[in-house]
Amino acid sequence: MSGGESSEIPAEKPAEESPAPKVNKVVEKEQELTPLEQADKRKVAGNASFKKSDFDDAIKCYLEAIDLYPEENPVEKSHCYQNMAAASEKLGKFEDVVKYCSQALHLNQKYIKAIQRRATAYEKLKKYEASIKDWTAVCLIEGPEKSM
């Protein structure tokens, strides 16, 4: 080697540390929410979809909310099922209305709105005996003054 040259391989420059990628603040905030808050957010999204007549998306949002609600929130879950029934009713899917109302009632037995919606769906399905049973239940729960 000639006089000024070195036989050593020059060391690589240490890579400059690049700043950490910026995390989407919305995603970050979403992760900070409790399951109850996340569920409420999905329910609100379902309500917005329902108002826009996007009933399939509303059902999807309500189902996501049900999955997120903690077990100690059966009333909130029942409201989501009843909302799914309302969306299904708008789509003319009366078997689904009956199914979702029944799930709501499993969680909240005296949920008048769900009983009434299921009774109406039974009528549409020509299941008159089942409809009469639900309307009778409404009368028994509400009392004669409200039922008239």
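Biologist: Which residues are linked in a network of salt bridges?
Modeller: Arg42, Asp57, Lys60 and Glu64. Keep in mind that this is a predicted model.

Biologist: How far apart are the closest N and O atoms of Asp57 and Lys60?
Modeller: They are 4.0 Å apart, and the two residues form a salt bridge. Both sit in helix α3, residues 55-68, with their positions three residues apart, about one turn of the helix.

Biologist: Why does that spacing matter in a helix?
Modeller: An α-helix has 3.6 residues a turn, so residues three or four places apart point the same way.

Biologist: Is Asp57 buried or exposed?
Modeller: Asp57 counts as partly exposed, because its relative accessibility is 23% and buried means under 20%. Lys60 is also partly exposed, at 46%.

Biologist: How many salt bridges are there in total?
Modeller: The count comes to nine. One of them joins the side chains of Arg117 and Glu89, at 3.0 Å from N to O. That pair links distant parts of the chain, since Arg117 is in helix α6 (residues 112-124) and Glu89 in helix α4 (residues 74-90), 28 residues apart.

Biologist: And is Arg117 buried or exposed?
Modeller: Arg117 is buried, with a relative accessible area of 19%. Its partner Glu89 counts as partly exposed at 25%.

Biologist: What does Glu95 form a salt bridge with?
Modeller: With Lys127, the closest N and O atoms being 3.8 Å apart. Glu95 lies in helix α5 (residues 94-107) and Lys127 in the loop between α6 and α7, so this pair ties together parts that are 32 residues apart in sequence. Glu95 is partly exposed at 47% relative accessibility, and Lys127 is partly exposed at 37%.

Biologist: Changing topic to α7. Which of its residues are buried?
Modeller: Ser131, Asp134 and Val138. Seen down the axis of α7, they fall within an arc of 65°, so they line one face of the helix. On the other side, Glu129, Ile132, Lys133 and Leu140 are exposed.

Biologist: What span should α7 have?
Modeller: Its 15 residues, 128-142, should span 21 Å at 1.5 Å a residue, and the end C-alpha atoms are 21 Å apart, which agrees.

Biologist: What follows α7?
Modeller: Gly143, which has a positive phi, near 90°.

Biologist: Now the whole protein. How many helices and strands?
Modeller: Eight helices and zero strands. Of the 148 residues, 31% count as buried.

Biologist: How much area does the protein expose?
Modeller: About 10500 Å², with carbon and sulfur atoms supplying 54% of it.

Terms used: Residues are numbered from 1 along each chain as its sequence is written. This is a predicted model: local features need pLDDT of at least 70, side-chain atom pairs count only at pLDDT 80 or more; totals for chains, interfaces and linings use all residues. Side-chain values use heavy atoms; hydrogens and water are left out. Helices (H or I, at least four residues) and strands (E, at least two) are DSSP runs, numbered from the N terminus. The expected span of a helix is 1.5 Å times one less than its number of residues. Buried means under 20% relative accessible area, exposed over 50%, partly exposed in between (1.4 Å probe, protein chains only). The arc is that of the directions from the helix axis to the C-beta atoms. Accessible areas come from the Shrake-Rupley method with a 1.4 Å probe; for residues, only the protein chains shown count as cover.
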